[in-house]
Amino acid sequence: MKQQQPPPLPQTQPPPLTQAANVGAAGATESNIVVNTISSFNNNNNNNSSSAVEATSKSRPALYPKPKTPSFDKDRDYIGFATLPEQVHRKSVKRGFEFTLMVVGESGLGKSTLINSLFLGDLYKNRQVPNVEERIEKTTRVEKKTMDIEERGVRLRLTVVDTPGFGDAVNCEDSWRVCTQYIDEQFRQYFTDESGLNRRNIQDNRVHCCLYFVPPWGHSLRQMDLDLIRRLHRKVNIVLVIGKADCLNKQEVRKLKERILQDLEDNHIQLYQFPECDSDEDDDFKQQDRELKASIPFAVVGSNTILEVAGKKVRGRQYPWGVVNVEDAEHSDFIKLRTFLISTHMQDLKDTTQDVHYENFRAQCISQISQHALRERGKLKRDSISSTNGFDAAISETDRLLLQKDEEIRRMQDMLTQMQEKLKQTHLMEMKKNDSVIDV
């Protein structure tokens, strides 16, 4: 009986060699990497075997698909930070903006009318004009009016700080005091809020711009005007405005502006300084900036009345001799003032308030706090050292100098007291001599 042979084993191909990963070397392929590896490992093999292995490796399919080289797209050649202005714009529009405007000037110069004309609103609906008896003892006070304005999706919270009673009293020496106190109080409140724990929702009530109205009558600034401007020009951005300028002709307006600027220069008073234009700005913006600078102080006319002139509705004032168009550059600087205050320099006014005026106030506050702390610390040191024995050995050189200065001041005070006593005695002796001569 023949022994049955086992069935033949199925012939299987050897597993494929592991291919190296393609790391993007220039001109290198997966098959070449395998060939180089085998040939370096078996240096004794002949050329026929290496070529057979090379043919075998080329015939095998790749385990992982070869990544495609990304095509260069010029439109996508950016990182993405170019959208930062859009992000800031969206965040600012969502949060809204705030602007505080102070209006200072005596009654009758058209302050309320101008504010209503600038912002196309009515902030003074129920305003009452005081009579003569009330003006005799009139005092300056502060009135705040707030209105929310929205234009093309941008919200603005406008706060107008009015100072009724300014310049209406018989004695106007202290009319400036209320204005300076209010500005300092807003700075102090902001400094307190900024130094506190909850700094997320700080309300900014600082005055960003002060419109000071100069009367058209007279030849230049009055002493009352100079006193106020001199005390405010380092605290707030001051913009001078000539109210009711329609009672002056062009030549008179030009002369009044020249005299006002000369008075400011003579008294070393600095108004709000326009920022210089960048070199990459267009010519139209540079020309507009030059015109705004040349128009200071602004000679304006305000009106809340809409008139029809030559078939067009304009904002103006009706006179027997004609109509004054408020928005006409030949009649008034109203458009220039609105362009400067709202369209072009509102953000710069806020930045100047933050970076210049508030920083000066903040530096003064910090200096006063540090000086007070140093005085208190020195006083505590002197008290503690004087209460112990042998304080001469423990006292520092600085404290010794301070004690010497205190001794010198005390000695000077004693000398002044003695001199005053001698002068008093000498005066009494002279009085007695005179009396004796009169008796004889």
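Two strands count as paired if DSSP finds at least two bridges between them. Helices (H or I, at least four residues) and strands (E, at least two) are DSSP runs, numbered from the N terminus. Welcome to this predicted model, where local features need pLDDT of at least 70, side-chain atom pairs count only at pLDDT 80 or more, and totals for chains, interfaces and linings use all residues. Residues are numbered from 1 along each chain as its sequence is written, and side-chain values use heavy atoms, leaving out hydrogens and water.

**The six-stranded sheet**
- This open sheet has mixed pairing and the strand order 2-3-1-4-5-6.
- Its edges are strand 2 (143-151) and strand 6 (298-299), each pairing on one side only.
- Four bridges link strand 1 (residues 97-104) with strand 4 (residues 209-214) in the parallel sense.
- Leucine 101 has cysteine 209 of strand 4 opposite.

**Helices on that sheet**
- Helix 8 (residues 250-266) packs on the sheet and touches strand 4, strand 5 (238-242) and strand 6; contact means heavy atoms within 4.5 Å.
- The direction of helix 8 makes about 150 degrees with that of strand 5; axes are lines fitted to C-alpha atoms, for helices over the stretch in contact, and angles run from 0 to 180 degrees between N-to-C directions.
- Helix 3 (residues 84-95) lies across strand 1 and strand 3 (154-162), at about 50 degrees to strand 3.

**The three-stranded sheet**
- Here the order is 7-8-9 in an open sheet with antiparallel pairing.
- Strand 7 (306-309) and strand 9 (322-325) each have a single partner strand, so one side of each is left without a neighbour in the sheet.
- Strand 8 (residues 312-319) and strand 9 run antiparallel, joined by four bridges.
- Glutamine 318 stands opposite valine 323 of strand 9.
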